[in-house]
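Got the viewer open? Let's take a short walk through this one, picking a few things to select along the way.

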Amino acid sequence: MKDSKIGIFSALTSSKWRILGIAGIVIGLAFIVNLIRTIDFSSATATIARIGIFGVIIILIPYSCAALLDSEAWRKLLSSTKRHPSLKHIFLVRAATEALVITVPMGSILSDPAKAWVLKRQYGYPHSSTAASIVFRKTMLGFSQSILAMIVAIVALCNPSSFRPNGIGESLAWMLLGLALVVVAVYSVLLGLLCNASFVDRFHRWLTKLPFPKLAQWFDRKEPHFREFNRHLGSFRDIFSVARFTATYLLFWIGENIETIIILTLLHANLTVPQAMVMEVSCVLLRASTPMVPGGIGIQDTGYASLILSNGNAPEIAAAFVLIKRFRELVWSIFGYALLINTRRHSPSFTKQEPVLDAEMIATEA
């Protein structure tokens, strides 16, 4: 099968993404222009220089640890395929595909099929074997993110003394709590459906009855893939697995909060720890709600800058914070694209032969 048929790279430029992609870029650029007009970024370089190389290295540590934690959790999910992927390989696949999340419109959506593509091309995993781990990982990321937002909002509201006048105050915490409760409810329903063994079968039967003959026939032919997908989901449907992965991804999101606290501390910003966490989870949710904007560029930055300034900090501190945050993403995106380009250039010998589905192998053995 040729690379052009695999589709992930052609999907980035397909017509169905162009309108959303262009709109996302325009929106992001509009917010960036407005932010540059509002804040003088030229004075931020001196502020960042005072942090020093050692400070920059410290800033890069929390997310690096969080990325390793995410890779290990995903590796355990992939272990349901009866293979034993190494942490190194999964870490490299994650780094390569997460670059799309940071730089491409709708990247948070496109990165998931990219993960399946790289796993198949580089390590011979059939899509039916990786789909369950990717879908479950995505669900757990959103579920744990909303739980953390809810916890942060509740803790902040229980400590009103941590807020100062005209800064990040209780109104934002109440808004965050309301939004977090809605998102938790949505992901709870989705998680419940994935943990229902009969749901996937019923959903497949519904797809085969669509009033579009060719599409319905296509889904009918994919029945073995749906069965395989359902079988792999069964490996982590129990309550203990859900609790374990929820805790793991809570630690992942806490890593980003620790990064924010470290940056604000090094910049001597006027924000308490509860305020910093409310700011971080609010801006992350804001970014997640605008997937068409590449990396939430402009929108997330405006959120950070506005909340830092509202707490009485100097403009150069807000500008320096935004630049440092984006610098970390730039480093990871360069690393990820280098891996992705290397993946396209090197074609392992097993990609010339389609791997046999796990379900088919089980049927043969039976």
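Start by selecting Asn230 and showing whatever surrounds it. Looking past its neighbours within four places in sequence, you'll find Asn230 in contact with Ala197, Val200, Asp201 and Arg237. Keep in mind that this is a predicted model. Now colour helix H12, residues 223-233, and you'll see that Asn230 belongs to it. Is Asn230 buried or exposed? Its relative accessible area is 10%, so Asn230 counts as buried, the cut-off being under 20%.

Next stop: a pair of helices. Select residues 170-194 for helix H9 and residues 273-288 for helix H14. Their axes come within 11 Å and cross at roughly 45 degrees, which means H9 lies oblique to H14. As for handedness, the crossing of H9 and H14 is left-handed.

Which residues meet there? Turn on side chains for Leu172, Leu176 and Leu179 on the H9 side, then for Val278, Val281, Ser282 and Leu285 on the H14 side. Sorted by class, this contact between H9 and H14 has 6 nonpolar residues, 1 polar one and no charged ones.

Now zoom out to the whole chain. Switch to cartoon view and you should count 17 helices and 0 strands. Of the 366 residues, 48% are buried. If you draw the contacts between residues at least 6 apart in sequence, 76% of them join residues at least 24 apart. Finish with a surface: the chain exposes about 17,900 Å², and carbon and sulfur atoms supply 68% of that area.

Definitions and conventions
Residues are numbered from 1 along each chain as its sequence is written. This is a predicted model: local features need pLDDT of at least 70, side-chain atom pairs count only at pLDDT 80 or more; totals for chains, interfaces and linings use all residues. Side-chain values use heavy atoms; hydrogens and water are left out. Helices (H or I, at least four residues) and strands (E, at least two) are DSSP runs, numbered from the N terminus. Buried means under 20% relative accessible area, exposed over 50%, partly exposed in between (1.4 Å probe, protein chains only). Contact means heavy atoms within 4.5 Å. Accessible areas come from the Shrake-Rupley method with a 1.4 Å probe; for residues, only the protein chains shown count as cover. Axes are lines fitted to C-alpha atoms, for helices over the stretch in contact, and angles run from 0 to 180 degrees between N-to-C directions. Angles under 35 degrees count as roughly parallel, over 145 as roughly antiparallel, 65 to 115 as roughly perpendicular and the rest as oblique. A crossing is left-handed if the near helix is turned anticlockwise from the far one by less than a right angle, and right-handed if clockwise. Ala, Val, Leu, Ile, Met, Phe, Trp, Tyr, Cys and Pro count as nonpolar, Asp, Glu, Lys and Arg as charged, and the others, Gly among them, as polar.
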